[in-house]
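The following paragraphs lead the reader through selected parts of one structure. Please keep the sequence and the model in view while reading.

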Amino acid sequence: MSNINLQTLDSILADYAQSGRSALLPALYAAQSYYGYLPEPVAARVGQVLGIPLADVYGVIDFYSMFYREPVGETLIQLCGDPACALAGSDKIMQDLCQHLGISTSPGISPDGKVGLESVSCLGLCEHAPAALVGETPLGQLDRTQVEAIVQSTGTSPYARIGGDTRLLTANCDKGRPTSLEEYLEGGGYAGLKKALGQPPESVIAEVKTSGLVGRGGAAFPTGVKWEGAASADAQPKYVVCNADESEPGTFKDRVLLEGDPHLLLEGLIIAAYAVGAHQGYIYVRGEYTYAYKVLGWAVEEARQAGLLGKDILGSGFELDIELRRGAGAYICGEETALFESIEGKRGFPRVKPPFPTTHGLFSKPTVVNNVETLCNIPLIIEQGAKAYRQLGTERSPGTKLFCVSGDIARPGVYELPFGASLRHLLLGLAGGVRGGRKMQAILFGGAAGTFASPDELDVRLTFEDLRQAGLLLGSGVVMVFDERRDLRDTLKRLARFFAHESCGKCYPCQLGTQRQYEILERLAEGKALSGDTVRLTDVGWTMTDSSLCGLGQTAATAVLSAIKLWPELFSEPQP
């Protein structure tokens, strides 16, 4: 590419030069946005400006799936091929797109070089399945008759259906647009922040501990305990980080909160920063959430203009700024330490723990990291008080939970329920039961890293303790339904392919185990099972679970192991 204008590139990179390595991902995004991809002269100049060796720049480019070293067309269509979209017919749409564009395989580019096409992992648009990202435009509910509309980015992706028995976290998320700062304030927004700033930070932490709030991203670690650990650490500076890298297949609740009520998240993050003594915050948004990223940018600017960010917030003397960071297509960056590495401008490899983030987190300083749903609970807890918050839910699982319902269900969407409601109430009552009146075959709890349940378990209560007793993982709140027609072998193959693709390769149990698991399940889906495959899958699965470095490898086999327990006949070799 000999006609590259490096003067233009230098002007693009000028805003990032002073930040050094930590600006690598934003700088690469800016360069790729201008050139369409990242050819060697561009990558080299990025490295020169930021003071990073070219080998390290390429290490980052090659690690993240949303950076490209070769042309991908003027418009890139990324079509989801994970379970929810596969159930809705994404494979056939991919075939039609290939035929329409004259592309023989995916990924590929049309003969005129204008349109690129690739199959990708979950886009977080499961309630709109089948879904695609066309350039930066999310499209949902695609149909085989809409091929030209998909190419022209004229399809639609309506806001999610939002329901449930209560509407605390989602109260402002049904407008079909973001809630503005003015609207948020009119509804009592930032009252929790004002109350928090009027009391000592340790009192805020004590209230959060009393509330019983635990992380809503899957790990369920007590939020107040995490904050207390960072607050008591001696090192400075301290950081607060919002993990908005919602990449678990089947999960889209955080996207709904980000797009519908961004100030609820900002308020929670500001309170967290005040409680632990942090003056710099980051919100790390998954790369595919292009619209949510823009919404957050608008909200942060609104907050700055209103004196809710910056110096002397609301006259309290407390100071905080928030920086947005966009991920680049790496599921592993949902793991907190891999996320830190990404913000620091590196490949998203998870770190060995201990030390833990509360003492050695972002830039090796004390850090609190919470996900979107967790932080959105904070303003409610502080404003209403822990006692009032605990009136919802159960003693051991207080508050509400957002559930992402998708698959073969009549009314897919986000449902907010107090802990303690039954699965039957969620699926058959609120979500309308199986689409088309068909029979339910299976339910996937917690996403790709979750567990399967059978229809016999519809009366389980949706609490941490009840689901744990039933051997089910609540995880990020995924509830994906499969009707009687579905071949679960194909679903298992897709889950295994996801983990094989997303494994970062840092530890051998996960790197090799996910590949081996995928090979076996791909063979199984093709009707070519071998004697002993069940034993092989079990051995590989427990090896990954027991010896992988981080949560990706430790949960990569949970769905498969649960399926072996529930439906051993799926893994039998075909009869002659």
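Which residues of helix 6 are buried? In this predicted model, they are Ser90, Ile93, Met94, Asp96, Leu97, Cys98 and Leu101. The helix itself covers residues 90–101, twelve residues in total. From its first C-alpha to its last it reaches 16 Å, close to the 16 Å expected at 1.5 Å a residue. The cover over its buried residues includes two strands, strand 1 (75–80) and strand 3 (115–120), together with helix 5 (83–87) and helix 7 (147–151). Just after helix 6 comes Gly102, which takes a positive phi of about 75 degrees.

Strand 1 also takes part in the second largest pocket: strand 1, helix 2 (24–35) and strand 9 (321–326) each supply at least two residues of its lining. The largest share, five residues, comes from helix 2. This pocket has a volume of about 780 Å³, and 27 residues line it. Those nearest its centre are Tyr29, Gln32, Ser33, Glu136 and Arg326. By character, the lining divides into 13 nonpolar, eight polar and six charged residues.

A further region to consider is strand 11, residues 400–407, where eight of eight residues are buried. Strand 11 runs antiparallel to strand 12 (residues 413–418), and six bridges join the two. One bridge partnership links Val405 with Gly413 of strand 12, and a hairpin of five residues connects strand 11 to strand 12. Strand 11 also pairs with strand 15 (residues 478–483), here in the parallel sense and over four bridges. In that pairing, Gly407 has Val481 of strand 15 as its bridge partner.

Note on methods:
Residues are numbered from 1 along each chain as its sequence is written. This is a predicted model: local features need pLDDT of at least 70, side-chain atom pairs count only at pLDDT 80 or more; totals for chains, interfaces and linings use all residues. Side-chain values use heavy atoms; hydrogens and water are left out. The expected span of a helix is 1.5 Å times one less than its number of residues. Buried means under 20% relative accessible area, exposed over 50%, partly exposed in between (1.4 Å probe, protein chains only). Contact means heavy atoms within 4.5 Å. On a 1 Å grid over the protein atoms alone, a cavity is a set of points where a 1.4 Å probe fits but cannot get out, and a pocket is an open set with protein on both sides within 12 Å along at least five of seven lines; lining residues have an atom within 4 Å of a point. Grid points are joined across faces, edges and corners, and a volume is the space filled by probe spheres set on the points. Ala, Val, Leu, Ile, Met, Phe, Trp, Tyr, Cys and Pro count as nonpolar, Asp, Glu, Lys and Arg as charged, and the others, Gly among them, as polar. Two strands pair if DSSP finds at least two bridges between them.
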